[in-house]
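Subject: Handing over the model

Hi,

Here is the structure I promised you. Have a look at it first, then read my notes underneath.

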Amino acid sequence: GLSIVTRQYHYVEWRNWDHVSGVAGELVATELYDRQSDPDENTNISGSNSNKQIVSNLAQRLRLGWSLAKPPR
């Protein structure tokens, strides 16, 4: 899966993989762990309604990838 780690969260996306084209396809599962309250990552909190905005934000940051880390011009 593809993942992003922040100071507080670890977010993972699992997608179907097209082995012919080498492109990630449909999203099939997500995982979200609060590294502060659950450092061993035992409880996936991605499905909680109260975490929808966190998942959305981290998913967007994951899609932006390295372009997000570039310094502003």
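To get going: in which strand is His10 found? The answer is strand 2, which covers residues 9–18. Do keep in mind that this is a predicted model.

Let me zoom out before coming back to that histidine. The chain has three strands and one helix, and along the sequence they follow the pattern β-β-β-α. There are 73 residues in the chain, and buried ones make up 25% of them. The exposed surface of the chain comes to about 5,600 Å², with carbon and sulfur atoms supplying 50% of that. If you take the contacts with a separation of 6 or more, 33% are between residues 24 or more positions apart.

Now the sheet. It is open, its three strands come in the order 1-2-3, and the pairing is antiparallel. Strand 1 (2–5) and strand 3 are the edge strands, each pairing on one side only. From one strand to the next, the twist averages 15°. As for the helix, helix 1 packs on the sheet and touches strand 1, strand 2 and strand 3. The direction of helix 1 makes about 60° with that of strand 2.

A bit more on the pairing, in case you want to trace it on screen. Strand 1 and strand 2 run antiparallel and are joined by four bridges. Val5 is a handy place to look, since its bridge partner in strand 2 is His10. On the other side, strand 2 pairs with strand 3 (residues 23–34), again in the antiparallel sense, over nine bridges. There you can pick out Arg15, whose bridge partner in strand 3 is Leu27. Strand 2 and strand 3 form a hairpin with four residues between them. Gly22 sits in that turn and has a positive phi of about 75°.

Back to His10, then. Is His10 buried or exposed? It counts as buried, because its relative accessibility is 15% and the cut-off for buried is under 20%. The side chain of His10 makes a polar contact of 2.8 Å with the side chain of Glu41. Leaving aside residues up to four places away in sequence, His10 touches Ser3, Ile4, Val5, Glu31, Leu32, Tyr33, Arg35 and Glu41.

Which residues make up the largest nonpolar core? There are eight of them: Ile4, Tyr9, Tyr11, Leu32, Val55, Leu58, Ala59 and Leu62. Strand 2 and helix 1 (52–64) each supply at least two residues of this core, and the largest share, four residues, comes from helix 1. Ile4 is a good one to click on: not counting residues up to four places away in sequence, Ile4 touches Tyr9, His10, Tyr11, Leu58, Arg61 and Leu62.

One last stop, past the helix. Gly65 lies in the segment after helix 1. With a relative accessibility of 35%, Gly65 counts as partly exposed, because that value falls between the cut-offs of 20% and 50%. How far apart are Gly65 and Ser3 in space? C-alpha to C-alpha they are 10.0 Å apart, although 62 residues separate them in sequence.

That's what I have. Over to you!

Cheers

Methods:
Residues are numbered from 1 along each chain as its sequence is written. This is a predicted model: local features need pLDDT of at least 70, side-chain atom pairs count only at pLDDT 80 or more; totals for chains, interfaces and linings use all residues. Side-chain values use heavy atoms; hydrogens and water are left out. Buried means under 20% relative accessible area, exposed over 50%, partly exposed in between (1.4 Å probe, protein chains only). A polar contact is a pair of N or O atoms within 3.5 Å; within protein, one must be able to donate a hydrogen and the other to accept it, and residues adjacent in sequence count only if both atoms are side-chain atoms. Contact means heavy atoms within 4.5 Å. A nonpolar core is a set of buried Ala, Val, Leu, Ile, Met, Phe, Trp, Tyr and Cys residues joined through side-chain atoms within 4.5 Å. Two strands pair if DSSP finds at least two bridges between them. Accessible areas come from the Shrake-Rupley method with a 1.4 Å probe; for residues, only the protein chains shown count as cover. Axes are lines fitted to C-alpha atoms, for helices over the stretch in contact, and angles run from 0 to 180 degrees between N-to-C directions.
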